[in-house]
Amino acid sequence: MAKAELKIVGSSPARMGGVERVVGKGVYGIDLMLKDQLHGGILRSQYAHAKILSIDTSEAKKIPGVHAVVTAADAPDVRYGRSYFDRYILARNKVRFMGDPVAAVAAESPAIVKQALKKIKVVYEPLPVALDPEDATKPDAPTLHEDMPLPKTIPDDAKLKNICGHTVVHVGDAEKAMAEADIVVDEIYETKMIHPQYLEPRIAAAQMEPNGRLTVWANAQAPFPVRQEVAKTLGIPLNNVRVISTGLGGGFGGKGSGITSGAAIEPICGLLAIKAKRPVMIVLDKAEETISTTIRAGARMYIKTGVKKDGTIVARTGKVFYDAGGYSGFGVQAGGRCTNMLGGWYLMPNCHIDGYTVYTNKQVCGPVRGPGGPQAAFAVESHMDSIAAKLGMDPAEFRLKNTPKPGDKIVGVPKLRDVSLGETIRIAKEKIGWGKVKLEKNQGIGIATGSWIESAGPGGGAIVKVNEDGSVTVHIGKIDMGTIPGFGIPMIVAEELGVPVSDVTVVNVDTDASPWDAGTVGSRGILVSGTASRLAAIDARNQIFKMAARQLEASPDDLEIVDKQIRVRGTPAKAVALATVATNAHNVIGEVIGRGYCDNLELMAQEKAHGSSQPFTTHACIVEVSPDTGNVKILKYVAVHDIGQPIHKAAAEGQIEGAAAMSIGQALCEQVVFDKDGRTMNPSFVDYLMPTINMMPRIETTLVAGYPGAGPYGAKGAGEIACVPPMACIANAIYNATGVRVNKLPLSPENVLRALKEAGKA
Amino acid sequence: MEYFEPKTVSEAVALLAKHGAETKVIAGGTDVMVDIKFKEEPGGLVNIKKIAGLSGIAENGAGLRIGALVTIREVESSALVREKLPVLWESCHQFASLQVRNTATIGGNICRASPSGETLAPLLVLDAKAKLAFADGEKTVPFMSFFQGPGKSSAGINGLLTENEIPYPAAGSKSVYLKHAVRGAMDIAMVGVAILLTPDAAKNNAQDVRIGLGAVAPTPVRASKTEALLRGKPLTAALLKEAGALAASEASPINDQRSSAENRRWIVEALTRRGLAQTWKAATGKEVA
Amino acid sequence: MSVIINTKINGQSVSASAEASTSLLEFLRDTLEMKGSKLCCNTGECGACTVIYNGKPINSCVTMAADANGAEIITIEGLADGDKLHPVQQAFIDTGAVQCGYCTPGYIMSVKALLDRTTKPTAEDIEEAVSGNICRCTGYNKIVDAIHIAADRIAGRA
């Protein structure tokens with residue numbers, strides 16, 4: 001459908017589910033109250049690395065009001081995971097980070113749960129702790145997983161250990177080309193562990209049904225993987241597990257359980273419900289979340305680049321040590337992504353990077369908003385400025401010089417169909433006043449670009465049902481955390497069916513009724529569910545036209561739906577109400593049910609044939625640094641994005657602004673801090689610092705048009721990409737202001753001040 | 001958990017004499033409620049908000065009397081405090097969030113005796129006094145000797161802070177409260193520096209200088225050596241440099257999740273210099289020479 | 001120990017009992033089953049639990065339920081007039097300031113308290129009013145837009 005014909009797509013109607021949220025209805029998981037429910041709680045490891053010698057639950061079980069106390073012994077001996085099945089829902093024999101679940105209790109009240117947890121006696125044999133991902137690979141490091149083999153790509157004589165993922169980027173002959181380069185820059189960059197800190201705590205609720213099925217409620221991003229994980233770890237067939245999703249108060253990849261060796265609170269809750277023979281609900285508290293649920297990993301990245309005097313990049317080598325945490329989780333995928341992206345998204349004729357995902361005794365890596373990307377971009381985009389400085393070249397010009405053209409390849413993308421990168425750089429320069437704005441003392445300007453790869457990954461389906469009154473019910477497998485079910489999906493269905501957006505309801509996922517889906521992750525909402533919903537709506541429309549054609553004595557090809565009427569194009573008097581046709585369907589096909597799916601293989605084939613269109617971005621900012629305290633204030637911030645055709649314009653901007661803000665937080669104030677024993681020192685919001693409104697600049701967003709993506713109407717995903725550039729953008733502005741490069745995140749006052757002092761500038 | 005709502009000071013101190021070891025006094029609750037949820041529930045709570053006579057800000061000769069139950073927001077909203085005790089006003093203005101300021105009390109902030117308590121360094125430089133009630137009588141304790149360690153004060157487990165007596169600074173005095181934090185909202189101070197500077201009549205010298213440091217020692221402290229260095233002198237850049245370094249040496253900060261000790265010393269140095277320059281200019285109209 | 005609480009919530013008299021250690025947030029959510037005020041950090045550090053207490057916005061998670069005695073409390077459930085949304089609620093919907101919506105009730109209460117005081121809030125006023133509210137989804141842009149639009153509408157400027 002050509003853009004000019006779009007009636008709804010591209011606008012910004014009111015959010016579906018907005019009214020419930022502004023009047024305070026209990027739409028979230030945490031608002032659930034099951035009849036007769038017990039409260040559940042989890043006992044977590046007190047050591048970052050230890051053998052479990054014994055667990056004695058007898059005292060806990062005696063407490064009045066306690067209905068179940070479970071340990072690994074109460075669950076099948078089954079492990080789960082994403083790349084490797086290296087984890088139990090409750091630790092068996094060993095704990096690998098402080099926060100690892102060891103036992104769980106169901107009792108009449110939270111106070112009794114607390115009491116009972118204290119009475120569980122666990123005897124540990126502490127083991128040496130590994131906290132640094134690079135150190136953990138060395139021969140003298142403690143071994144975290146005795147029975148997990150090293151990836152086959154690692155030679156035995158490399159004498160490395162604790163590696164669960166190995167990715168190699170190899171293009172051309174990097175060693176040779178580096179030796180021939182005119183200028184070489186060699187640097188190390190480091191990022192820290194971040195927790196996504198969605199505001200709604202994670203919950204799970206479970207009950208055994210009279211017919212023996214287990215129902216689980218979860219505020220999880222991936223209900224089908226939750227079903228898979230519960231069924232597998234509790235030994236129940238899939239058709240006897242039902243997962244119902246609630247609304248989510250944020251997720252950002254951190255509530256992607258099932259995908260990731262997540263917190264496993266759903267299987268633990270199910271186990272408690274089975275043993276207690278009553279419904280059980282577990283609500284984590286935010287301090288507990290910080291130490292136990294999945295996080296954005298820290299990484300150490302070695303990056304070396306050779307260039308010609310004229311600024312052409314000729315070679316890159318590098319090494320990544322990506323921190324998986326105690327279990328592999330999503331670490332292998334995220335580490336792989338980080339390694340690929342360390343090759344950059346510029347022309348790169350020669351490249352060799354080794355990336356290792358490493359076990360350490362810390363929280364587990366999850367698919368947190370752009371996993372691997374922000375870390376790599378912090379290194380790549382800071383490094384680009386260092387190279388530009390050595391060349392004596394303008395940083396924006398240096399980037400433009402190495403920007404690919406349509407038909408070119410970059411690391412990880414064999415063929416680019418079109419390239420918006422250059423345009424985003426030019427617009428960002430203009431919006432920030434690059435080369436024009438007058439900077440005061442201690443002020444600096446910075447620029448950073450980014451990219452993200454979306455199209456790889458499983459697909460998903462959609463079911464569109466047209467009810468007897470012409471209203472529409474949509475089933476997809478993705479959930480609402482401020483994502484597509486409230487915004488793009490009802491718009492796409494309304495667009496195709498010619499009904500008002502407010503007549504379309506997207507229902508919460510119920511694995512008994514919704515089509516399978518990998519989950520609401522990876523910026524794949526609009527691509528997967530958007531494509532599927534569009535096709536399902538078109539399928540429904542075709543069924544409607546086939547039935548209506550008979551009544552209107554016309555060909556289905558001549559029909560259109562306008563304002564809930566099916567009519568013959570050009571003869572508006574010949575019409576029949578959508579409701580009439582939908583009701584008559586009872587006698588013909590039963591019901592109008594449209595089915596659609598996102599054919600991932602087809603998408604990949606298209607990209608192979610025609611090339612892919614990456615969602616490039618450039619951010620730019622102006623900062624002011626206090627040279628005596630290291631405080632950094634962002635005075636102006638622009639974000640220029642190619643996201644193809646935005647479906648819901650305000651929502652797309654909102655995703656960009658929110659993702660940028662999250663990475664601005666990672667840049668300036670967020671990190672999980674550990675002591676030498678692996679204990680998290682800042683679990684609560686008192687000391688885990690998230691950006692507040694006073695420190696956030698107005699993020700001025702520009703959407704670039706003309707580069708259609710693989711999604712419906714040419715959409716590209718928008719959920720993660722804006723997380724990629726901000727840290728380097730701010731670091732580059734700090735460098736411009738002070739002449740000092742800060743290589744380690746966060747760019748907190750202390751880290752900036754220390755860097756200034758070490759450089760003799762404070 | 002027991003719960004008491006005494007209606008008078010004598011009722012309250014009688015309760016504390018008997019149960020002080022197992023109970024906690026609760027006023028606004030912004031600290032104590034967190035203790036209850038995340039640490040141990042105490043044996044009992046003594047809710048003092050029903051006690052009459054502990055609220056109110058009133059002039060008391062050449063100073064102000066601020067009741068223990070006055071909320072931080074009430075202090076912040078007081079034109080009298082803003083005009084007469086601006087250093088206290090500034091610390092209340094930078095305190096946590098609006099929601100917290102609406103319930104947290106100045107008495108609670110004081111008796112919590114956290115080294116980083118926002119109002120504490122200002123109270124030290126103002127030479128304020130705490131009025132304490134016990135079952136066996138009252139006493140008035142200067143804040144200079146009130147704080148004894150993290151969480152420890154002259155109130156002890158049996159005492160009740162009833163009000164604060166804060167004399168007005170000498171005429172011509174200027175002050176500032178500088179808080180070092182990451183975000184500028186809701187943060188607990190990594191370092192707090194309160195400075196009160198009184199020029200001589202001719203506005204040539206710093207007749208009196210008082211420097212209060214928060215979050216860099218087991219209690220809030222006065223940088224008395226630095227004060228002595230500056231008293232009676234005109235402020236110059238060289239003197240400020242020396243003063244900053246000396247103030248940093250008078251701090252005994254720790255490494256914690258908020259900051260390293262080294263960084264805290266750097267900040268003490270930086271904010272002492274900044275604060276002295278600012279108050280000197282405000283008091284004398286002159287830039288530091 | 002149990003305490004009896006006699007209070008007024010959204011104009012209605014309420015009488016219930018709760019353990020002395022109960023927070024006002026727990027009283028609302030668990031005792032009265034009013035889920036509108038949200039549980040998040042439980043330490044007074046995020047504002048998701050903000051309610052208006054005797055005219056002032058406070059964090060209900062660090063306030064004693066017992067202190068509701070004799071107080072007048074407004075929660076998010078008390079703002080709409082039947083089907084008619086309060087201007088602040090409507091503004092949040094209109095600007096796209098509701099993404100996941102979890103911070104929204106707390107924000108709306110903080111903003112209502114602000115606009116009850118002044119319909120010409122300066123940038124400083126706005127910062128003061130909502131620096132104690134964290135949003136993880138929006139990056140704050142559209143929330144600021146909503147505050148301005150609500151102010152304009154309440155003042156009759158729009």
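A helix is a DSSP run of H or I with at least four residues and a strand is a DSSP run of E with at least two, both numbered from the N terminus. The model is predicted: local features need pLDDT of at least 70, side-chain atom pairs count only at pLDDT 80 or more, and totals for chains, interfaces and linings use all residues. Residues are numbered from 1 along each chain as its sequence is written, and chains are lettered from A and ligands numbered from 1 in the order in which they are written.

**Exercise 1. Describe the build of chain C.**

Step 1. Find the elements: chain C has five helices and five strands.

Step 2. Put them in order. Starting at the N terminus, the pattern reads β-β-α-β-β-β-α-α-α-α.

Step 3. Judge the compactness. The radius of gyration of chain C, taken over C-alpha atoms, is 15 Å, and the globule rule (2.2 Å times the number of residues to the power 0.38) also gives 15 Å for 158 residues, so chain C is as compact as a globular protein of that length.

Step 4. Give the box: along the principal axes, the C-alpha atoms of chain C fill roughly 50 × 30 × 25 Å.

Step 5. Look at burial. A residue is buried if 20 or more other C-beta atoms lie within 10 Å of its own, exposed if 12 or fewer do, and partly exposed in between, with C-beta atoms placed from the backbone. In chain C, 65% of the 158 residues are buried.

Step 6. Look at contacts, which join two residues whose C-beta atoms, placed from the backbone, lie within 7 Å. Of the contacts in chain C between residues at least 6 apart in sequence, 60% join residues at least 24 apart.

**Exercise 2. Describe what chain B offers to chain C.**

Step 1. Count the residues: 22 of chain B are in contact with 24 of chain C.

Step 2. Name the elements. Strand S1 (2-4), helix H2 (32-38), strand S3 (44-47) and helix H6 (98-103) of chain B each supply at least two residues to this side.

Step 3. Pick the main contributor: H6(B) gives the most, with five residues.

Step 4. Sort by type. Ala, Val, Leu, Ile, Met, Phe, Trp, Tyr, Cys and Pro count as nonpolar, Asp, Glu, Lys and Arg as charged, and the others, Gly among them, as polar. The side of chain B that touches chain C holds 11 nonpolar, seven polar and four charged residues.

**Exercise 3. Locate Ile643(A) and state its surroundings.**

Step 1. Place the residue: Ile643(A) sits in the loop between strand S25 (632-641) and H16 of chain A.

Step 2. Decide on burial. Ile643(A) counts as buried because it has 30 C-beta neighbours inside 10 Å.

Step 3. List the contacts. Leaving out residues up to four places away in sequence, Ile643(A) touches Pro615(A), Ala652(A), Leu703(A), Lys716(A) and Ala718(A).

**Exercise 4. Work out the sheet S19-S18-S17-S23 of chain A.**

Step 1. State the type: these four strands form an open sheet with mixed pairing. Two strands pair if DSSP finds at least two bridges between them.

Step 2. Find the edges. Strand S19 (504-506) and strand S23 (592-597) of chain A each pair on one side only.

Step 3. Give the twist, which averages 20 degrees from one strand to the next.

Step 4. Take one pair. Strand S18 (residues 472-476) of chain A and S19(A) run parallel over three bridges, and Val472(A) has Val504(A) in S19(A) as its bridge partner.

Technical notes
Axes fitted to C-alpha atoms, helices over the stretch in contact; angles between N-to-C directions.
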